[in-house]
Amino acid sequence: MSTLTWAVAAVVTDAAGRVLLCRQGRGERRYALPGGRLRPAESPVQAALRDIRAETGWEIELVDLVGVYHLSGPPADTPAGRAGPLPDVLVHVFRARAAEVGPSAGPPPGCRLSWHAPSELPDEVTPLTRAAVVDAVAGRSGVLRETTWATGSGDPASHGGRAGAGRPPEQRGEAATGPSLRP
C-alpha cells in the first residue's frame, strides 16, 4: 500500500433523481462525484458538507453513508505520474440531496457541473463514481468496496489486473456487498 489519504464524496441527487457530477480541468478528464480530502481534525461529515459546497456551490443535505471505498493505486508495473505514485485513498461516500433550488454560489473555475440520469452516466466516469452511483441508487448502505485508479487505456473495466475491477460487483458476477476492505 502506498501513502493513505482520507477523502469524501457524495452521490448528490435532485428532485428528478439525477446525479450531480463534476468534470475537473480541461481536455479528456473523467467525470467524478463532488467531494475532496479531509482536513486535520475534521470528520467525514464536516468534510463532505464543506468540500461539496466549495466544489459545486450547492448546499446539500446528507442522508446516509453509502459506504467506504478503498481506491488503490495502479499495479506495480505502471509507471508513476509526474507527481509520483498515486496514493491509496479511503473514500467515505454519502447519499445526499441538493437542499436548495439552485446553487448558492458558482463552482470554482475548472469544475464543470452537470446532472445525469443514473442509468445514463457518461462513459468518461471514474470507476469509483460508477460503483458508488449504482450502490446509492440501489439503496445500499454500509458498502465496503475495492476499486482502482484509472490508468492506461481509460477503460474503467480493465484496471487492477481483475476484469471489471471498476464496475459494481453485480456486473462482475460478485456478491452485491462487494469484497471487504483489508489492511
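Two strands are said to pair if DSSP finds at least two bridges between them. I begin with that definition because strand pairing opens today's account of this structure, which is a predicted model.

Let us start with strand β5, residues 60-72. On one side of the account is strand β6, residues 88-98: 10 bridges join it to β5, and the two run antiparallel. Within that pairing, Gly67 stands opposite Val93 of β6. Strand β5 is also joined to strand β8, in this case by 6 bridges, and these two strands run parallel. Gly67 appears here as well, since its bridge partner in β8 is Val143. Further along, Tyr69 is placed opposite Arg145 in β8.

Now to strand β8 itself, residues 143-148. Is this strand enclosed or open? Of its 6 residues, 5 are buried, so the rest of the structure largely encloses β8. Arg145 belongs to this strand. Its relative accessibility is 0%, and buried means under 20%, so Arg145 counts as buried. The side chain of Arg145 makes a polar contact with the side chain of Asp135, at 2.6 Å. Arg145 also illustrates how sequence and space can diverge: Arg145 and Gly67 are 78 residues apart in sequence, and 7.7 Å apart in space from C-alpha to C-alpha.

I turn next to helix α1, residues 44-56. The helix has 13 residues and reaches 17 Å from its first C-alpha to its last, which is close to the 18 Å expected at 1.5 Å a residue. Which of its residues are buried? They are Ala47, Ala48, Arg50, Asp51, Ile52, Glu55 and Thr56. The elements covering these buried residues include β1, β2, β4, β5, β6 and β7.

Both flanks of this helix deserve a remark. Before α1, in the loop that follows β4, we find Ala41. This residue has a positive phi of about 60°, although it is not a glycine. Is Ala41 buried or exposed? Its relative accessibility is 88%, and exposed means over 50%, so Ala41 counts as exposed. Just after α1, Gly57 takes a positive phi of about 85°.

Our next topic is aromatic rings. How many aromatic pairs does a search of the whole structure find? The search finds 1. The pair consists of Trp58 and Trp115, whose ring centres are 5.5 Å apart and whose planes meet at 85°; an angle over 60 degrees counts as edge-to-face, so this pair is edge-to-face. The pair links distant parts of the chain, with Trp58 in the loop between α1 and β5, Trp115 in strand β7, and their positions 57 residues apart. As for accessibility, Trp58 has a value of 9% and therefore counts as buried. Trp115, at 22%, counts as partly exposed.

I close with another residue of β7, the strand formed by residues 111-116, namely Ser114. The side chain of Ser114 makes a polar contact with the side chain of His116, at 2.6 Å. If we leave aside neighbours within four places in sequence, which residues is Ser114 in contact with? They are Val19, Leu20, Leu21 and Tyr31.

Terms used:
Residues numbered from 1 in each chain as written. Predicted model: local features only at pLDDT ≥ 70, side-chain atom pairs only at ≥ 80, totals over all residues. Heavy atoms only, no water. Buried < 20%, exposed > 50% of the residue type's maximum accessible area, 1.4 Å probe, protein only. Helix = DSSP H or I, 4+ residues; strand = E, 2+ residues; numbered from the N terminus. Polar contact = N/O pair within 3.5 Å; in protein donor to acceptor, adjacent residues only side chain to side chain. Contact = heavy atoms within 4.5 Å. Phe/Tyr/Trp six-rings, centres within 6.5 Å; stacked < 30°, edge-to-face > 60°. Expected span 1.5 Å × (residues − 1).
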